[in-house]
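Grab a pencil and work through these exercises. Try each task yourself before you read the solution.

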Amino acid sequence: MSRDDEYAEYLRGHYGRMLRTARLLTGGDVHWAEDLVQSACTKLYVHWGKVRQGDGAASYADRILINVFIDERRRFWRRRETATAELLDATPVSGPDHADRLTVLDALTRLPRRQRAVVVLRYFRDLDVATVAMVMECSEGTVKSQTARALGKLRDLIDDPLDNLERVR
């Protein structure tokens, strides 16, 4: 099997996972998520010869995706975007948990990028602390502290009514 065939086979099996992760990182922004995944896939292809020799292709792809997401803040055009009241995308299908999903996505977008990345990797991708530390190239203590800060901020942002009842008692 050629290098290109191996790479294409890898993407067929993992593209959806990468896109779901990117959508969470971007707070549901489908277009930005696709841009992140495209950039990550391009960088993965460049290094595919090195990556395919080891078993760490998924881990390496995650690291690239997180780094591309964190580095996006340096792009000038990303900072110059302005929000509008008009939605250009079709309205998502509503369901019983649709409001909760939107609340969580909104809260995720308010987290700093590194905290958002930690939450997505720990709780969406279900990675352990050591793996997240390896993917984000930081210490396990940093992962734990960023997770604690992020969860605290998410609790404040979501403002669960049950939390308010407990405070009153």
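**Exercise 1.** Is Y45 buried, partly exposed or exposed?

*Solution.* Keep in mind that you're looking at a predicted model. Start with the number: the relative accessibility of Y45 is 31%. Next, bring in the cut-offs: buried means under 20%, and exposed means over 50%. The value for Y45 falls in between, so Y45 counts as partly exposed.

**Exercise 2.** Work out how the rings of Y7 and Y45 are arranged, and what their pairing links.

*Solution.* A pair of aromatic rings is described by the distance of the centres and the angle of the planes. For Y7 and Y45, the centres are 5.0 Å apart and the planes make an angle of 70°. Planes over 60 degrees apart count as edge-to-face, so that's the label for Y7 and Y45. Now find the two residues: Y7 is in helix α1 (residues 3–25), while Y45 is in helix α2 (residues 30–46). The pair therefore ties together parts that are 38 residues apart in sequence. As for Y7 itself, its relative accessibility is 10%, so Y7 counts as buried.

**Exercise 3.** Do the same for W32 and F69.

*Solution.* Here the centres of W32 and F69 are 5.9 Å apart, with 40° between the planes, and the pair is tilted. W32 belongs to helix α2 and F69 to helix α4 (residues 57–71), so this pair joins parts 37 residues apart in sequence. Check the accessibility too: W32 has 10% and counts as buried, and F69 is buried with 0%.

**Exercise 4.** Look around Y45 again: which residues share its aromatic cluster, and which charged end sits over its ring?

*Solution.* Begin with the cluster, which is made up of Y7, Y10, Y45 and W48. Then look for the charge: the charged end of R3 sits over the ring of Y45, 4.6 Å from the ring centre. Elsewhere, R122 lies over the face of Y123, at 5.6 Å from the ring centre.

**Exercise 5.** Describe how helix α8 and helix α9 pack.

*Solution.* Two packed helices are described by the angle between their axes and the distance between the axes. The axes of α8 (residues 129–136) and α9 (residues 140–158) come within 8 Å and cross at roughly 105°. That makes α8 roughly perpendicular to α9. Now list who meets whom: V129, A130, V132 and A133 in α8 meet E140, V143 and K144 in α9. Finally, sort the contact residues by type, and you get five nonpolar, no polar and two charged.

Definitions and conventions: Residues numbered from 1 in each chain as written. Predicted model: local features only at pLDDT ≥ 70, side-chain atom pairs only at ≥ 80, totals over all residues. Heavy atoms only, no water. Axes fitted to C-alpha atoms, helices over the stretch in contact; angles between N-to-C directions. Helix = DSSP H or I, 4+ residues; strand = E, 2+ residues; numbered from the N terminus. Parallel < 35°, antiparallel > 145°, perpendicular 65-115°, else oblique. Contact = heavy atoms within 4.5 Å. Nonpolar A, V, L, I, M, F, W, Y, C, P; charged D, E, K, R; others polar. Phe/Tyr/Trp six-rings, centres within 6.5 Å; stacked < 30°, edge-to-face > 60°. Buried < 20%, exposed > 50% of the residue type's maximum accessible area, 1.4 Å probe, protein only. Lys NZ or Arg CZ within 6 Å of the ring centre and 35° of its normal.
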